[in-house]
Every structure is written in C-alpha cells, then in structure tokens.
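Thanks for making time. I have one chain to go through this morning, so please look at the screen and stop me if anything is unclear.

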Amino acid sequence: AVLPASKQLSVDTTTIITANALESGDGGRVILWSDERTDFAGSISALGGDQSGDGGFVEVSGKQALRFSGLVDTRAKNGEWGTLLLDPDDIFIVAALTGDDGDVLASTIEAALAINNAVEIQTPVGPGTDLGRIEVNAPLNWTTNATLSLIASVDPFSPPAGDAIAINAPITAANGHLILSAFAPPGSADLQSRPISTGPNGDVNVGIFELVLGDWAQVGTLP
C-alpha cells in the first residue's frame, strides 16, 4: 500500500528522534518528507552499535521548500559512519539567514560533516524561483574525512539563467572529499550537463575533488 505523504512537516527544537543500535547492529533509517514544505530544527541520531555496526541513514526532504537548522548524528564506535541526505528544491549555504526558504547556515553543514560520513545535498527540479540551484555563499571548512556531495538537477529552459551550482566562497577540507554534479532532469532535450562555476572567492582546497557531471567554469583556485 502507498503511504500517504504530508503536505507540510514541522519539527521543532525540542524534538529528538532516535534510531540507534544497541550493542551490535547498524543504525536505522529515518526519513522525513513533505510534498510542500519541511521545517526541521530538531535532532536525529541513527548510531551504530557499541560493539559493532555502521551508522544509519537520515533523509530530510521538502519537495518545494526545506529549512534545515537541526542536528543529525550517524556515527559508529566500531563501524562506518552513516549518511545525511538533504533534499530541497534549492539551497543557499549562507553565513546568516536572509529569510529565503532555501537558506541553510554554513555552520549547520559543518556540524553535520563533523558527525556523519557523508552529507549529500540533492536538489531535484521542481516549482519555485530557483529551480534546483545550489549556491555556496559562505565558507565551508571541515577537518574529518567526510564527503560533501552537491548534486543539482536544473531545468535548462526555466529561469533563472546561469549556474546550477555556484561556489562563491571557499571550501576547505584537507582530509575531506567534495563531489559535484549538475545535470538536466530526465527527459530534457538539452545536453545532460549543466554549468558549475567558482566565483573570485570560490577557492576549493580538499583532499579529494570529484566532478561527476557538469560544465566547469573556474575563477577561484584549485590546489
């Protein structure tokens, strides 16, 4: 049977969701989803077991809008850490909130990279002003070997024109892994790859850099 989906979902700062293993076993799967708007400010843990087991998987999604300001922890004492997936319509990584539904603080992303093996931001094309765009407008810095994936699906025939992913501030992670991918949605008549650019301050200095798909335009520096 098909589970009914909520139109709107709100999780406040007092909410704690746990899907932790105990002595052994993997952390659980937690998926928060809405067809319109999700506001998440709570805490989720999907920890691996104390003796053995990997961290779990957490997804927080809003089909049309996502505001994420909470904390997700998928660590494991004796296993691989897990994954956090954020699935908004568009996202702007900023130093201070501007009121845009796509805003997420850089400090929130950095906190997630400290306690998860992978943080994936994936923007499927959908209704809205920015239509899948990802912008890094504030510096990102993490010291773990975690992977940050920025994956943008942008309709090439819809405004605004320009980059699917714009890196306008430094990304620094000497031990970390950065994955970028930008493409047109399935069924598009346009070429598959979409533009990715670095602005004058968009220097990228990471342990591993991987461009999966996209038309790269570089102004900032790579190591």
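Thr74 is buried, and its relative accessible area is 0%. Bear in mind that this is a predicted model. The cut-off for buried is under 20% relative accessible area, so Thr74 at 0% falls in that class. Where in the chain does Thr74 lie? Thr74 lies in a loop, the one between β8 (71–73) and β9 (83–87). Leaving out residues up to four places away in sequence, Thr74 touches Ala46, Leu47, Gly55, Gly56 and Val58, then Trp81, Gly82 and Thr83, and finally Ile115, Asn116 and Asn117.

For the chain as a whole, there are 223 residues, and buried residues make up 47% of them. The secondary structure comes to 1 helix and 20 strands. Taking the contacts with a separation of 6 or more, 73% are between residues 24 or more positions apart.

Now the sheets. In one of them, 6 strands form an open sheet with parallel pairing, and the order is β11-β10-β13-β16-β18-β20. Which strands stand at the edges? They are β11 (103–105) and β20 (215–218); each has a single partner strand, so one side of each is left without a neighbour in the sheet. From one strand to the next, the twist averages 15°.

I will take the pairs in that sheet from the β11 end. β10, residues 91–94, pairs with β11 in the parallel sense over 3 bridges. Within that pair, Leu105 in β11 is the residue opposite Val94. Helix α1, residues 106–114, lies across β10 and β11 and runs at about 60° to β11.

Towards the other edge, β16 (residues 165–167) and β18 are parallel partners, with 3 bridges between them. Ile167 stands opposite Thr198 in β18. β18 is also joined to β20 by 4 bridges, and those two strands run parallel. Thr198 appears again here, with Gln218 as its bridge partner in β20. So, for Thr198, the picture is Ile167 on the β16 pairing and Gln218 on the β20 pairing.

Staying with β18, consider the loop that lies between β18 (195–198) and β19 (204–213), where Asn201 is found. Is Asn201 buried or exposed? Asn201 is exposed, with a relative accessible area of 52%. The cut-off for exposed is over 50%, which is why Asn201 at 52% gets that label. Asn201 touches Asn168, Ala169 and Pro170, with residues up to four places away in sequence not counted. Between Asn201 and Asn168 there are 5.6 Å in space, C-alpha to C-alpha, and they are 33 residues apart in sequence.

Thr172 is a third case for accessibility. Thr172 is in strand β17, residues 171–183. Its relative accessibility is 29%, and Thr172 counts as partly exposed. What does Thr172 touch, not counting residues up to four places away in sequence? Its contacts are Leu140, Asn141, Trp142 and Asn205. For Leu140, the C-alpha atoms are separated by 6.2 Å, with Thr172 and Leu140 lying 32 residues apart along the chain.

There is also an open sheet of 3 strands, in the order β1-β4-β7, again with parallel pairing. β1 (8–11) and β7 (65–68) are at the edges of this sheet; each has a single partner strand, so one side of each has no neighbour in the sheet. The twist here averages 0° from one strand to the next. β4, residues 37–40, is joined to β7 by 4 bridges, and the two run parallel. Asp39 has Arg67 in β7 as its bridge partner.

Arg67 takes us to the last topic, the largest pocket. The largest pocket holds about 170 Å³ of space. It is lined by 15 residues, and the closest to its centre are Arg67, Phe68, Ser69, Leu97 and Asp103. Which elements give two or more residues to the lining? These are β1, β4, β7 and β11. The largest share, 3 residues, comes from β11. Sorted by class, the lining has 7 nonpolar, 4 polar and 4 charged residues.

That is the last item on my list. I will take questions now.

Conventions: Residues are numbered from 1 along each chain as its sequence is written. This is a predicted model: local features need pLDDT of at least 70, side-chain atom pairs count only at pLDDT 80 or more; totals for chains, interfaces and linings use all residues. Side-chain values use heavy atoms; hydrogens and water are left out. Two strands pair if DSSP finds at least two bridges between them. Axes are lines fitted to C-alpha atoms, for helices over the stretch in contact, and angles run from 0 to 180 degrees between N-to-C directions. Contact means heavy atoms within 4.5 Å. On a 1 Å grid over the protein atoms alone, a cavity is a set of points where a 1.4 Å probe fits but cannot get out, and a pocket is an open set with protein on both sides within 12 Å along at least five of seven lines; lining residues have an atom within 4 Å of a point. Grid points are joined across faces, edges and corners, and a volume is the space filled by probe spheres set on the points. Ala, Val, Leu, Ile, Met, Phe, Trp, Tyr, Cys and Pro count as nonpolar, Asp, Glu, Lys and Arg as charged, and the others, Gly among them, as polar. Buried means under 20% relative accessible area, exposed over 50%, partly exposed in between (1.4 Å probe, protein chains only).
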